[in-house]
Amino acid sequence: MVKHQNQIVRFKQRHGFSLWSGLFVLCLVSATLGADSDSEQPVVAKRPAVRQPDSNHILTVEELAEKVKESVASVSFAGRDGQQAGLGTGFVIAADGLIATNLHVIGEARPITVQLSNGTKYDVKEVYATDRQMDLAVLKIDANDLTPLPLAEPGSLKQGAEIIVLGNPQGLRYSVVKGVNSGTREVDGKPMIQLAIPIEPGNSGGPVLDSLGRVQGIVTLKSAVTRNLGYAVNISALKGLLEKPNPVPINRWLTIGTLDERLWKPLFGSRWRQRAGRIKVDGFGSGLGSRSLCVSQEALPKLPYEIAVEVKLDDESGAAGLIFYSDENTKHYGFYPSNNSLRISRFDGSDVFLWRVLEEKKSNSYRDGEWNQLKVRLEADRILCFVNDEQVFEVKDQRYTEGKVGLAKFRNTVASFRGFQVASQIAAYRPSKETAQKILDLTEDLRVDRPPKESLIEEVVKETDGKRVQQALQERARLLKKQAERLQQLAQSIHERAVRDELRSQFVDKKEADIDLLSAALLVARLDNSEVELKVYLNQVASMVNEIQKTLPEDASPKAKLKALNQYLFNETGFHGSRTNYYSRSNSYINETIEDREGLPITLAILYMEMGRRLGLNIEGVGLPGHFVVRVNSTAEKGELIDVFEAGATVSDAAAKVMIVSANSGRFDETFLEAQPKREIIKRMLRNLLNLARDSEDIQSMLRYVETMIAIDDELLQERWLRAVLRYQTGRVTEAMADADYLLEKSPEGFDLRRIQEFRDYLETVKQSE
């Protein structure tokens with residue numbers, strides 16, 4: 001077992017392996033997939049008086065920046081070591097020293113400093129008002145005769161109006177950025193002003209000014225979708241807060257959420273705080289592996305004894321858990337989850353070479369994304385480690401046999417702890433089998449159409465251990481939820497298999513002319529939406545073709561048919577290329593292209609080709625790099641290229657060559673002008689969807705599309721390698737091993753077989769440890 005665990009550790013260390021991280025997938029496959037050719041990217045106080053604008057004179061950005069400069073401040077808070085730990089922006093809203101900013105800018109229970117544009121620094125003497133939901137804070141400094149910014153009337157900022165944002169991005173003092181009010185949006189249930197403007201760390205808390213110099217909002221966050229998009233709290237929220245402030249003197253503020261120093265001793269930075277019975281930690285630590293410790297100061301019993309805590313990670317790629325035998329410095333043991341596995345490590349100092357992973361393994365008893373109890377039993381000659389009552393390690397390492405116990409976290413992990421215990425023996429964490437069975441018997445006939453009856457509640461409490469009954473019920477509910485998820489997953493897998501089988505049948509043993517491209521494209525859409533009925537859309541397209549045919553004489557020429565097709569699609573019914581939301585998955589579903597009359601070049605081209613075929617035209621698809629067009633062979637001797645995305649515009653040979661050269665690293669390759677087989681067109685559609693899923697790190701969807709591509713072409717070796725990784729990341733270890741074996745047997749050129757073998761060996765160790 002130790003040999004297997006060491007193989008896992010070496011593989012992870014070499015490749016930076018993370019179970020969930022999309023970065024691992026990208027590192028392994030980006031070189032093989034490449035860029036797809038159609039990746040289509042309790043005190044009531046009077047509100048302070050504020051200065052109103054002198055006139056309605058519209059100011060230039062330069063005038064505004066100069067006029068308000070003295071009213072904008074930087075806001076920072078100190079860490080436990082006294083050094084600056086956070087920096088944001090604030091602005092003066094009252095001459096007697098009120099500064100508005102974001103709540104997250106001032107941290108929690110930290111000394112806060114405000115620095116004005118003239119360099120003068122003030123220690124905050126009072127947190128005058130806070131609103132956690134709206135992320136707002138108003139600070140009080142000991143200053144007079146400041147120049148406040150005027151606050152606008154709510155609703156006075158029109159959509160499309162120019163605005164400027166002032167702040168301290170990335171720690172740079174006083175920055176001005178110009179942008180536009182994109183509108184009002186609801187974010188996490190809160191009304192926000194959407195700003196078409198780049199927002200960076202340090203802008204938070206800065207004022208959003210209109211062209212009259214009035215504050216319309218307070219910057220609070222940047223978009224995770226695009227860099228040039230941010231959000232601001234509407235000025236109405238700040239005005240409401242000023243009507244009913246909740247002042248907290250700084251000496252009281254500094255004690256909010258802090259740990260009792262008689263009980264805990266934090267080490268190596270990070271933010272350890274207590275709230276609602278839980279200890280929370282975030283931020284990088286300064287120890288080895290960005291480690292931070294929180295050492296318990298309570299007296300320990302004699303050996304043997306046990307320590308336990310419940311821990312919950314915000315991200316399972318993180319690491320946090322128990323420490324023991326600590327010298328209150330760099331030497332100790334640790335037992336903790338890390339990257340979806342459990343580890344017991346020994347830390348012999350501050351150097352990376354003095355950190356040893358003693359054992360590592362996965363455990364089915366560990367519940368991702370949930371509370372898990374870690375327990376360590378310390379005996380004279382061994383260390384036993386448990387997760388949720390299951391023993392995972394027995395270690396006889398005896399480098400250290402005495403010292404403190406406590407908590408630890410590594411890297412940039414955000415974690416919560418609760419229920420920390422030290423005792424000679426700690427009671428079982430999970431309900432007994434007897435209690436669980438009683439709960440099952442009592443709730444077996446629980447009605448789903450109404451809440452539990454009072455009689456059932458009394459019976460459950462009477463027949464079970466009251467201390468464990470709630471936990472047993474929660475465990476039962478969790479199990480049923482997991483079973484429901486697996487049933488849904490099974491149903492989805494059966495659906496996907498049926499679609500893949502039907503899609504495969506479209507191509508197997510069929511001549512190119514006999515393949516129904518429209519049906520195949522509809523099956524791609526059905527893969528993601530089981531409600532897509534092929535007959536409905538096939539009949540709709542047939543009806544559209546029939547409308548065109550009614551306008552044509554029986555002996556209509558190919559040119560007349562083509563003209564009628566263009567007239568119907570682009571002039572009469574308004575089909576067009578999607579420009580405002582180009583990268584929406586909807587554009588890759590041909591049923592939605594038919595319904596919404598917009599799509600990508602490839603979906604519009606398929607519709608065009610299939611309608612043309614039904615009209616008797618010979619139209620083929622041409623996959624230019626980065627674009628998809630069609631060739632109509634009936635209008636000229638060598639055919640004519642048409643861009644369906646551009647409403648049927650003709651593409652000259654010269655224009656096509658420019659498109660190829662510009663998208664193909666400056667090289668012209670005539671093969672891009674060849675007609676694409678229908679199988680390749682469907683693979684291209686699936687690759688578009690794969691790229692969109694990859695960008696959003698949707699692992700399940702990525703696997704679905706890769707599985708389908710291989711189903712219609714089992715010689716796709718690059719995709720098979722990607723499928724092996726995706727199968728592993730979704731818990732399908734046996735299937736991933738089969739793909740790795742296939743590639744090792746084929747030994748294709750251009751593949752790093754050494755890496756594939758290492759991956760195969762790693763999968764073997766994972767399977768043996770399950």
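User: Why is R760 called buried or exposed, whichever it is?

Analyst: Keep in mind that this is a predicted model. R760 has a relative accessible area of 16%, and buried means under 20%, so R760 counts as buried.

User: What makes R760 and D741 a salt bridge?

Analyst: Their side chains meet at 2.7 Å, N to O. The cut-off is within 4 Å, so the pair qualifies. R760 sits in helix α19 (residues 753–769) and D741 in helix α18 (residues 733–746), 19 residues apart.

User: And why is D741 called partly exposed?

Analyst: Its relative accessible area is 33%. Buried would need under 20% and exposed over 50%, so D741 lands in between, as partly exposed.

User: How do you know that R418 and E310 tie together separate parts of the chain?

Analyst: The closest N and O atoms of R418 and E310 are 3.1 Å apart, in a salt bridge. R418 lies in strand β28 (residues 415–423) and E310 in strand β19 (residues 305–313), so the pair ties together parts that are 108 residues apart in sequence.

User: What burial class does each of the two get, R418 and E310?

Analyst: R418 is at 27% relative accessibility, so partly exposed. E310 has 14%, so buried, given the cut-off of under 20%.

User: Why is K683 called buried?

Analyst: K683 is at 4% relative accessibility, and buried means under 20%, so the label fits. K683 is in helix α15 (residues 678–695) and touches M709, I712, D713 and L716, leaving aside residues up to four places away in sequence.

Key: Residues numbered from 1 in each chain as written. Predicted model: local features only at pLDDT ≥ 70, side-chain atom pairs only at ≥ 80, totals over all residues. Heavy atoms only, no water. Helix = DSSP H or I, 4+ residues; strand = E, 2+ residues; numbered from the N terminus. Buried < 20%, exposed > 50% of the residue type's maximum accessible area, 1.4 Å probe, protein only. Contact = heavy atoms within 4.5 Å.
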